[in-house]
Structures are given as structure tokens and as C-alpha cells.
Amino acid sequence: MALSQAEHHAIRLAHAEAHAALHGLALTPLRRQVYAAIVESERPVGAYELLDALEPQRGRVPPTTVYRALDFLLAHGFVHRIESKNAYVACCEIGVPHRSQFLMCDGCGATVEIPGDELAGPLSHSAPAQGFEVHRQVIELSGLCALCARAARGIQP
Ligand SMILES: [Zn+2]
Ligand SMILES: [Zn+2]
């Protein structure tokens, strides 16, 4: 039986909490709420959208508070930053250090993480041969997801 979206979100949240507990990371209520809002959005979400998402539970919190929570979530691998959109997505493999590539749909905003160094590794390792020292590596591919590509071709889902 397929899980509902809400069940999927609950599982991801429980997984994040277990990871935090195991590693002694303080997933405070605010950090947990920011993480939950990112998980629930299903597409990259910006800091100001997160402020709006938090408002019903917390009232208006200062942007710096959200940025600090995001810094924590980024530093400990709970989320990734989508550089080209200045937005955040939940990581699909918390607790496994990795670099990621992202496929991003221009139609609906759906973003798929492809974890693993198979693609990123050779790129960054090729750089020193050119005398170039890599400090930051971002691989973000934009296009259309399968559903949007079908819609664009006039094919009914
Ligand atoms: Zn990840
Ligand atoms: Zn799409």
C-alpha cells in the first residue's frame, strides 16, 4: 500500500529526530518547525516563505532567527541549499555525508535530489589538474519533470 504524503512527511520528520538524538544535535522546536515546513513544501522553499509558514504557530519571527535555524539544518545535513533559487530542500539521505546534484522542474518547481559523488567527484577532482582549487560546487539542472513534459506536449496524464 502506498503511503500518503502526510505519512511520508511524518516518517522524514521522525528520521530527522532520530538522527538528531543519536548525534546529540539540538533539534529545537523552531529548528524542527523550519525543517517540517521545508519537508512539507515538496519544492525548494525560500527563507521568506518559511517565515510565512511559521507565522500561524509562532507569530512573526525575525528573519535572522530563521536564517540561524537554516544554518544549523544546513551544517548538519538536514537540508540542502538550491543556489540558483536561494531556497532550501530537505535532504533525502540525512546522516550520510554526500554531495548532491539536483533536477529542478521549471514548470511545477518539483526538485529531485540525486545524491552521490559519482557525478560530482570526477568534476571536482579534475579541477586540481588545471591548477584550480574548488571551494564550492553546485550542480543544478533545470528543465521539465515527466508530468510537466507530458503536459507541454499536450498529452493528458
Ligand atoms: Zn542530500
Ligand atoms: Zn514539473
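Trainee: What spacing do the donors of the zinc ion (ligand 2) follow along the chain?

Mentor: In this predicted model, the donors of that zinc ion are arranged along the chain as C-x2-C-x36-C-x2-C. The residues behind the pattern are Cys105, Cys108, Cys145 and Cys148, each contributing its SG atom.

Trainee: How do you know that these cysteines are donors of the zinc ion (ligand 2)?

Mentor: An N, O or S atom counts as a donor of zinc if it lies within 2.8 Å of the metal. The SG atoms of Cys105, Cys108, Cys145 and Cys148 lie 2.3 Å from the zinc ion (ligand 2), and they therefore meet that cut-off.

Trainee: What makes the arrangement around the zinc ion (ligand 2) tetrahedral?

Mentor: Four donors are called tetrahedral if all angles lie between 85 and 135 degrees. Around the zinc ion (ligand 2) the four donor atoms subtend angles of 103 to 112°, and the arrangement is therefore tetrahedral. As a reference, the ideal angle for four tetrahedral donors is 109.5 degrees.

Trainee: Why is Cys148 called buried, and why does Cys145 count as partly exposed?

Mentor: The word buried is kept for residues under 20% relative accessible area, and partly exposed covers the range from there up to 50%. Cys148 has a relative accessible area of 16%, so it is buried. Cys145 has a relative accessibility of 21%, so it counts as partly exposed.

Trainee: Which residues are the protein donors of the zinc ion (ligand 1)?

Mentor: They are His80 through NE2, Cys91 through SG, His98 through NE2 and Glu113 through OE, at 1.8 to 2.2 Å from the zinc ion (ligand 1). Their spacing along the chain reads H-x10-C-x6-H-x14-E. Of these donors, His80 belongs to strand β1 (residues 79-82), while Cys91, eleven residues apart from it, belongs to the loop between β2 (87-90) and β3 (100-105). Both His80 and Cys91 are buried.

Trainee: Why is the arrangement around the zinc ion (ligand 1) called irregular?

Mentor: The four donor atoms there subtend angles of 95 to 142°. A tetrahedral label would require all angles to lie between 85 and 135 degrees, and four donors that fit neither the tetrahedral nor the square planar criteria count as irregular. The angles of 95 to 142° therefore place the zinc ion (ligand 1) in the irregular class.

Trainee: How do you know that helix α1 and helix α2 come within reach of one another, and at what angle do their axes cross?

Mentor: The axes of α1 (residues 5-22) and α2 (residues 29-41) come within 10 Å and cross at roughly 145°, and the crossing in which α1 passes α2 is right-handed. The contact is made on the α1 side by His9, Arg12, Leu13, Ala16 and Glu17, and on the α2 side by Arg32, Tyr35, Ala36, Val39 and Glu40. By residue class, these divide into five nonpolar, one polar and four charged.

Trainee: What makes Ile139 a buried residue, and which residues is Ile139 in contact with once its neighbours within four places in sequence are left aside?

Mentor: Ile139 has a relative accessible area of 17%, and since buried means under 20%, Ile139 is buried. Its place is in strand β5 (residues 139-143). With those sequence neighbours left aside, Ile139 is in contact with Ser100, Gln101, Phe102, Ala120 and Leu123. The C-alpha atoms of Ile139 and Leu103, 36 residues apart along the chain, are separated by 8.8 Å.

Trainee: What is notable about the phi of Glu42, and what is the phi of Asn86?

Mentor: Although Glu42 is not a glycine, it has a positive phi of about 65°, and Asn86, not a glycine either, has a positive phi of about 50°. Glu42 is found in the loop between α2 and α3 (47-58), and Asn86 in the loop between β1 and β2.

Trainee: Why are Glu42 and Asn86 called partly exposed?

Mentor: The relative accessible area of Glu42 is 44%, so Glu42 is partly exposed. Asn86 has a relative accessible area of 44%, so Asn86 is partly exposed. The range for that label runs from 20% to 50%.

Trainee: How many helices and strands does the protein have?

Mentor: There are six helices and five strands, and from the N terminus on they run α-α-α-α-β-β-β-β-α-β-α. Of the 157 residues of the protein, 35% count as buried.

Key: Residues are numbered from 1 along each chain as its sequence is written. Chains are lettered from A and ligands numbered from 1 in the order in which they are written. This is a predicted model: local features need pLDDT of at least 70, side-chain atom pairs count only at pLDDT 80 or more; totals for chains, interfaces and linings use all residues. Side-chain values use heavy atoms; hydrogens and water are left out. Donors are N, O and S atoms within 2.8 Å of the metal (3.2 Å for Na, K and Ca); water is not among the atoms, so sites may look incomplete. Four donors count as tetrahedral if all angles lie between 85 and 135 degrees; four count as square planar and six as octahedral if opposite donors are over 155 degrees apart and all others between 65 and 115; anything else is irregular. Buried means under 20% relative accessible area, exposed over 50%, partly exposed in between (1.4 Å probe, protein chains only). Helices (H or I, at least four residues) and strands (E, at least two) are DSSP runs, numbered from the N terminus. Axes are lines fitted to C-alpha atoms, for helices over the stretch in contact, and angles run from 0 to 180 degrees between N-to-C directions. A crossing is left-handed if the near helix is turned anticlockwise from the far one by less than a right angle, and right-handed if clockwise. Contact means heavy atoms within 4.5 Å. Ala, Val, Leu, Ile, Met, Phe, Trp, Tyr, Cys and Pro count as nonpolar, Asp, Glu, Lys and Arg as charged, and the others, Gly among them, as polar.
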